[in-house]
Amino acid sequence: MTRAPLVWGGAAAAIIGLGGLALGLAIATTATAADHVQRYLDALARDDLVAAAQLAGLEPPTAMPLGDEGEPSIHRIVSTERAPDGTVTVVAEYGAGADAVRVPFRLEPAPPTFGFVPRWAFVEPPVAQLSIAADQHDRFAANGRSVIAPGAGETVSVAAFMPARVTVRITDPLLRAEPVTVRVGAEGSAAIELVVMPSERFTRIVEREIEHLLDGCAEQLVLQPTGCPFGITIVDRVTTPPVWQLESAPDVIVEPGDAPGVWLVRGTGAVRLTVSVQRLFDGTVAERDEQVGYIVRGDVVLGPDGPVLTVYPPGG
């Protein structure tokens, strides 16, 4: 009476065993070094950085490297070559059209899953260091992530998955620079330097600061206004307070200075001076009404609260 259940039970166990073996064989055939690279590139393309980090072999608390900017990229395995030491080099192509690069990945066997399913690991995590600098600034963004260098013009290193596309740009609205995009791991992608220039907004702010300074200078009823780019020397006796009047706003130029992060300021303008003068030679009194040209020279740096302007004295 009990033989039929035993027979059926044995058959079921055999079927389950065969199913497990078939599943194991199916997994084994897709657990190659090339498959591991393919899964890593799939994770990178869909911006699943957690999965990419796990497949790359990164251990927490490692800071997450930069991922791939833009739309998912086309990728394919180009070749696989096994070395005598058991390692395998997989060459993959990642990116589309002119953006595509070929990158070799070197893998080695890892402890098998369930004791028999082959598993692979990268010999070195597919992460590269990218050196970034901005010639006149210390802050920029890499793939939207804020990066701060030790100082203006100094280099900072960021980690990025290979072969991710990384774009570095200036985010400060007072500055402008052409963004630079590289494929990390491709030839010539190890360093980026942005060429920074002042924006129109930056120049307008400096112009307003100079105009405010000049307004204050014009209020000083002296021949040599303190801290101002203009003044005059009169050898005769001045009988009335000098009156200054701004005639034209300065035409200001802001350009990079010799020191990174310090911007040179220069401009020209004119003021009108009205004053009564008594000649020492014969005692006659005359009204002087003349135009006085001036040159603005100074520098400006970007502080936490915005540009900080310093104007040099005449001849300084």
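In this predicted model, the link between Cys-217 and Cys-228 is left-handed, with -100 degrees about the S-S bond. Cys-217 sits in helix H4 (residues 200-218) and Cys-228 in the loop between H4 and strand S14 (237-238), so the disulfide ties together parts that are eleven residues apart in sequence. The S to S distance is 1.9 Å, and a search of the whole structure finds one disulfide. Are its two ends buried or exposed? Cys-217 counts as buried because its relative accessibility is 0%, and Cys-228 is buried too, with a relative accessible area of 3%.

Now let us turn to the core. The largest nonpolar core has 75 residues, and those that touch the most other members are Tyr-40, Phe-105, Phe-140 and Phe-161. Helix H2 (residues 33-45) gives the largest share of this core, eight residues. Phe-140 is a good place to look around: leaving aside residues up to four places away in sequence, its contacts include Ile-132, Val-147, Val-156, Val-168, Ile-170 and Leu-194. Arg-145, Ser-146 and Arg-169 are also among the residues that Phe-140 touches.

Helix H3 (residues 49-56) is worth a visit as well. Which of its residues are buried? They are Leu-49, Ala-51, Ala-52, Ala-53 and Ala-56. These buried residues pack against H2, strand S4 (117-122) and strand S8 (156-161). Just after H3 comes Gly-57, with a positive phi of about 90 degrees.

Next come the pockets, set side by side here.

| Pocket | Volume | Lining residues | Lining by class |
|---|---|---|---|
| Largest pocket | about 260 Å³ | 17 residues | seven nonpolar, six polar, four charged |
| Second largest pocket | about 220 Å³ | 16 residues | nine nonpolar, five polar, two charged |

In the largest pocket, the residues nearest the centre are His-137, Asp-138, Asp-172, Leu-302 and Gly-303. Strand S17 (residues 285-303) provides the largest share of that lining, three residues.

For the second largest pocket, the lining residues closest to the centre are His-36, Arg-39, Leu-55, Arg-119 and Trp-120. H2, H3 and S4 are the elements that give two or more residues to this lining, and S4 gives the most, with six. H2 and S4 are also among the elements that the buried residues of H3 pack against.

A few backbone details round out the picture. Where are the cis peptide bonds described here? One joins Pro-60 and Pro-61, with omega about 10 degrees, and Pro-61 is in the loop between H3 and strand S1 (75-82). Another joins Met-162 and Pro-163, with omega about -5 degrees, and Pro-163 lies in the loop between S8 and strand S9 (165-169).

Positive phi values also turn up at residues that are not glycines. Asp-47 has a phi of about 65 degrees and is found in the loop between H2 and H3. With a relative accessible area of 46%, Asp-47 is partly exposed. Asn-143 has a phi of about 55 degrees, in the loop between strand S6 (139-142) and strand S7 (145-148). Asn-143 is partly exposed as well, because its relative accessible area of 22% is not under the 20% that counts as buried.

Methods
Residues are numbered from 1 along each chain as its sequence is written. This is a predicted model: local features need pLDDT of at least 70, side-chain atom pairs count only at pLDDT 80 or more; totals for chains, interfaces and linings use all residues. Side-chain values use heavy atoms; hydrogens and water are left out. A nonpolar core is a set of buried Ala, Val, Leu, Ile, Met, Phe, Trp, Tyr and Cys residues joined through side-chain atoms within 4.5 Å. Buried means under 20% relative accessible area, exposed over 50%, partly exposed in between (1.4 Å probe, protein chains only). Helices (H or I, at least four residues) and strands (E, at least two) are DSSP runs, numbered from the N terminus. Contact means heavy atoms within 4.5 Å. A disulfide is a pair of cysteine sulfur atoms within 2.5 Å. On a 1 Å grid over the protein atoms alone, a cavity is a set of points where a 1.4 Å probe fits but cannot get out, and a pocket is an open set with protein on both sides within 12 Å along at least five of seven lines; lining residues have an atom within 4 Å of a point. Grid points are joined across faces, edges and corners, and a volume is the space filled by probe spheres set on the points. Ala, Val, Leu, Ile, Met, Phe, Trp, Tyr, Cys and Pro count as nonpolar, Asp, Glu, Lys and Arg as charged, and the others, Gly among them, as polar.
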